[in-house]
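Biologist: Before I plan anything at the bench, I would like to go through this model with you, one question at a time. Please show it first.

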Amino acid sequence: MRLKILIGALMGLATISMAVGIEAQAADLLSQQCVACHAVTKPEKVSLERLWDRKGPDLYYAGSKFNKPWLVSWLQNPTTIRGGGVMYAKTVKAGADRSVDTIDPAQVPAHPKLSAADAATAADLLMVLKGDGLVTAGAFKNEPPSSMASMLFSKLRGCTSCHTAKASGAPTSGPELYTGGDRLQPDFVHAYINNPQKFDAHTWMPTLGLTDADIQKLTGYIGTLKSEKK
Ligand code: HEC
Ligand code: HEC
């Protein structure tokens with residue numbers, strides 16, 4: 001049933017933005033190749049079991065989350081975003097001395113790769129999935145960068161216990177943020193830091209109760225983290 005809704009939605013889009021004939025292929029692409037691992041419509045029930053069992057992150061708000069150029073390029077050449085994988089139970093091992101857990105990167109599966117044409121089509125389709133009401137446009141005020149921001153991230157607000165801001169950092173359980181500026185829309189970053197549970201009631205990023213001033217600084221800082229300086 002979910003598939004029908006998806007195809008219906010995709011057809012609607014296809015008639016707006018795509019040449020006749022391509023729409024069926026486009027609908028096939030997400031419905032056949034992606035929904036096995038990703039939710040592209042809002043899940044009817046969110047539960048800890050769903051979060052734990054899901055094979056990939058939710059994409060039903062992809063259009064409010066990602067920058068399209070990043071999607072097009074990543075889908076052709078996927079790199080690891082969550083060093084600990086989506087299902088941590090498979091990747092986290094007790095350390096030799098049992099005092100620390102470590103991540104075994106060999107257990108993180110490689111992502112399917114798309115051709116340039118399929119990546120462009122998939123990105124078009126994903127950008128339509130907005131996840132109504134999750135992200136407020138204009139919430140990030142784009143104030144001048146704060147010299148405190150990187151310290152907020154690494155020391156004062158503890159983000160680095162779960163996220164890396166450097167490509168050379170050790171893999172973490174949360175998504176890497178060293179390509180955050182390429183990957184993520186600032187209004188999404190603002191909304192997510194403000195209230196991760198709004199995106200998924202069970203997600204393990206805590207609501208940190210930060211002031212909006214701190215969230216603005218952190219969002220601005222994450223926006224500066226880019227893989228290649230252009
Ligand atoms: C076998 C399962 C599987 C299939 C099939 C799959 N994905 Fe994924 N996808 C994943 C996993 C796992 C991740 C998380 C990768 C990471 O964090 O390193 C992911 C991540 C992504 C992301 C980044 C999401 C985020 O929140 O960071 C996008 C975009 C994406 N996939 C799109 C697609 C598209 C489009 C298709 C179909 C062409 C697809 N995926 C097929 C498992 C899958
Ligand atoms: C206890 C671990 C933990 C801490 C501490 C934490 N996060 Fe997260 N964060 C996560 C996890 C896990 C996710 C991904 C959840 C998912 O994929 O459903 C996440 C997701 C995010 C995202 C969305 C990124 C994406 O690609 O989906 C942003 C932005 C973010 N965190 C920023 C921060 C900032 C800024 C801080 C510090 C103020 C912080 N986080 C602290 C665990 C954490």
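Modeller: One term first: a crossing is left-handed if the near helix is turned anticlockwise from the far one by less than a right angle, and right-handed if clockwise. Keep in mind that this is a predicted model.

Biologist: Then which hand is the crossing of H5 and H7?

Modeller: The axes of H5 and H7 lie 8 Å apart and make an angle of about 140°. Angles of 65 to 115 count as roughly perpendicular and those over 145 as roughly antiparallel, so H5 is oblique to H7. By the definition above, the crossing of H5 and H7 is right-handed.

Biologist: Which residues of H5 make the contact with H7?

Modeller: The residues of this contact divide into ten nonpolar, one polar and one charged. From H7 come Ala116, Ala119, Ala120, Ala122, Ala123, Leu126 and Met127. From H5 come Lys68, Leu71, Val72, Leu75 and Gln76.

Biologist: How many helices and strands does the protein have?

Modeller: Along the sequence the pattern reads α-α-α-α-α-α-β-β-α-α-α-α-α-α. The total is twelve helices and two strands.

Biologist: What share of the contacts with a separation of 6 or more lies between residues 24 or more positions apart?

Modeller: One example of residues distant in sequence is aspartate 124 and valine 72, which are 52 residues apart along the chain but 8.8 Å apart from C-alpha to C-alpha. Among the contacts with a separation of 6 or more, the share from residues 24 or more positions apart is 67%.

Biologist: Is aspartate 124 exposed, partly exposed or buried?

Modeller: Aspartate 124 is found in helix H7. A residue needs 20 or more other C-beta atoms within 10 Å to be buried, and 12 or fewer to be exposed. Aspartate 124 has 19 such neighbours, so it counts as partly exposed.

Biologist: Where is histidine 111, and how far is its C-alpha atom from that of threonine 79?

Modeller: Histidine 111 sits in the loop between strand E2 (101-103) and helix H7 (116-127). With 15 C-beta neighbours inside 10 Å, it counts as partly exposed. Threonine 79 is 32 residues away along the chain, and the two C-alpha atoms are separated by 7.8 Å.

Biologist: Turning to the ligands, which residues are closest to ligand 1?

Modeller: The shell around ligand 1 has 15 nonpolar, five polar and two charged residues. Helix H2 (22-33) and helix H5 (68-76) each supply at least two of the shell residues. Of the 22 residues that surround ligand 1, the closest are Cys34, Cys37, Gly56, Ile81 and Arg82.

Biologist: Which residues come nearest to ligand 2, and which element gives the largest share of its shell?

Modeller: Of the 23 residues around ligand 2, the nearest are Cys159, Cys162, Gly174, Pro175 and Met205. Two or more residues come from each of helix H10 (186-194) and H12. By class, the shell around ligand 2 has 15 nonpolar, six polar and two charged residues. Its largest share, three residues, comes from H10.

Biologist: Why is H10 said to be largely enclosed, and what covers its buried residues?

Modeller: Across the protein, buried residues make up 27% of the 230 residues. In H10, seven of the nine residues are buried, so this helix is largely enclosed by the rest of the structure. The buried ones are Pro186, Phe188, Val189, His190, Ala191, Tyr192 and Ile193. Their cover includes helix H4 (62-65), helix H9 (180-183), helix H11 (196-199) and H12.

Biologist: How are H8 and H12 arranged relative to each other?

Modeller: Their axes come within 8 Å and cross at roughly 100°. The contact is made by Ala149, Ser150, Leu152 and Phe153 of H8, with Asp214, Lys217, Leu218, Gly220 and Tyr221 of H12. By class, it has five nonpolar, two polar and two charged residues. Angles of 65 to 115 degrees count as roughly perpendicular, and H8 and H12 are therefore roughly perpendicular.

Biologist: Last one: what is phi of asparagine 142?

Modeller: Asparagine 142 is found in the loop between H7 and H8. It is exposed, with 11 other C-beta atoms within 10 Å. Most residues other than glycine have a negative phi. In asparagine 142, phi is positive, near 50°.

Methods. Residues are numbered from 1 along each chain as its sequence is written. Chains are lettered from A and ligands numbered from 1 in the order in which they are written. This is a predicted model: local features need pLDDT of at least 70, side-chain atom pairs count only at pLDDT 80 or more; totals for chains, interfaces and linings use all residues. A residue is near a molecule or strand if its C-beta atom, placed from the backbone, lies within 6 Å of it. Helices (H or I, at least four residues) and strands (E, at least two) are DSSP runs, numbered from the N terminus. Ala, Val, Leu, Ile, Met, Phe, Trp, Tyr, Cys and Pro count as nonpolar, Asp, Glu, Lys and Arg as charged, and the others, Gly among them, as polar. Axes are lines fitted to C-alpha atoms, for helices over the stretch in contact, and angles run from 0 to 180 degrees between N-to-C directions. Angles under 35 degrees count as roughly parallel, over 145 as roughly antiparallel, 65 to 115 as roughly perpendicular and the rest as oblique. Two residues are in contact if their C-beta atoms, placed from the backbone, lie within 7 Å.
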